[in-house]
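I open this entry to set down what I looked up in the structure, going from single residues to the chain as a whole.

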Amino acid sequence: MFEQLLREHKERQERREKEEKKEQEEAVARVKDALVSSKALFDPDAKQTYQLQRELDSTLRDLVKEASLFHQNVLMWNKMASGIHTRIKEIGDFDQWVHKVEWDLQLITQALERAQAEKNQEDRFA
């Protein structure tokens, strides 16, 4: 119960922080727009430059998000490949163990056959 309350509190806190950050970004954008509009009265190229900069910033944010997703996917694929590699090693280790057991069984079988042969020879001569 305590864990659930703590989880809910953290989720509310994260949502609130995201909303506050979004509001801050919107406020900064409004201030920038106001500054650019006032500067555009004196310099017509400033508004166009600012708009191009905003497009660049937006494109950069999108690119950063895509790069982050790509990075997460690469990490996931790397983890999966590592898991496959580990499983293949385990299969190889098991295969090697099976060969050792087979070799040991062959040695035991040969020793038992020799012992049986020696006993049969002793029984013939006795």
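I looked up N120 and found its place in helix α2, where helices (H or I, at least four residues) and strands (E, at least two) are DSSP runs numbered from the N terminus. N120 counts as partly exposed because its relative accessibility is 35%; the scale calls a residue buried under 20% relative accessible area, exposed over 50% and partly exposed in between, with a 1.4 Å probe and protein chains only. I then took the C-alpha separation of N120 and E11, which are 109 residues apart along the chain, and noted 82 Å.

I note that this is a predicted model, in which local features need pLDDT of at least 70 and side-chain atom pairs count only at pLDDT 80 or more, while totals for chains, interfaces and linings use all residues. Residues are numbered from 1 along each chain as its sequence is written, and side-chain values use heavy atoms, with hydrogens and water left out.

Is Y50 buried or exposed? Y50, which also has its place in helix α2, is buried, because its relative accessible area is 15%. From Y50 to W77 I noted 40 Å in space, C-alpha to C-alpha, for 27 residues in sequence.

I next turned to the surface patches, which are made of residues with over 30% relative accessible area and no salt bridge (a side-chain nitrogen of Lys or Arg within 4 Å of a carboxyl oxygen of Asp or Glu). Like charges are joined within 9 Å and nonpolar side chains (Val, Leu, Ile, Met, Phe, Trp, Tyr) within 5 Å. A patch of negative charge gathers E8, E11, E14, E17, E19, E20, E23, E25 and E26; among them, E14 lies in helix α1 (residues 2–40) and counts as partly exposed because its relative accessibility is 46%. L60, L63 and V64 make a nonpolar surface patch of about 290 Å², with L60 placed in helix α2 (residues 44–125).

For the whole chain I counted two helices and zero strands. The radius of gyration, taken over C-alpha atoms, is 37 Å, well over the 14 Å that the globule rule gives for 126 residues, so the chain is more spread out than a compact globule; that rule is 2.2 Å times the number of residues to the power 0.38. The C-alpha trace spans about 125 × 45 × 10 Å along its principal axes, and 2% of the 126 residues count as buried.

Note on methods
Areas by Shrake-Rupley, 256 points an atom, 1.4 Å probe, with all protein chains shown as cover. Lys, Arg positive; Asp, Glu negative; His and termini not counted. Charge placed at Lys NZ, Arg CZ, Asp CG, Glu CD.
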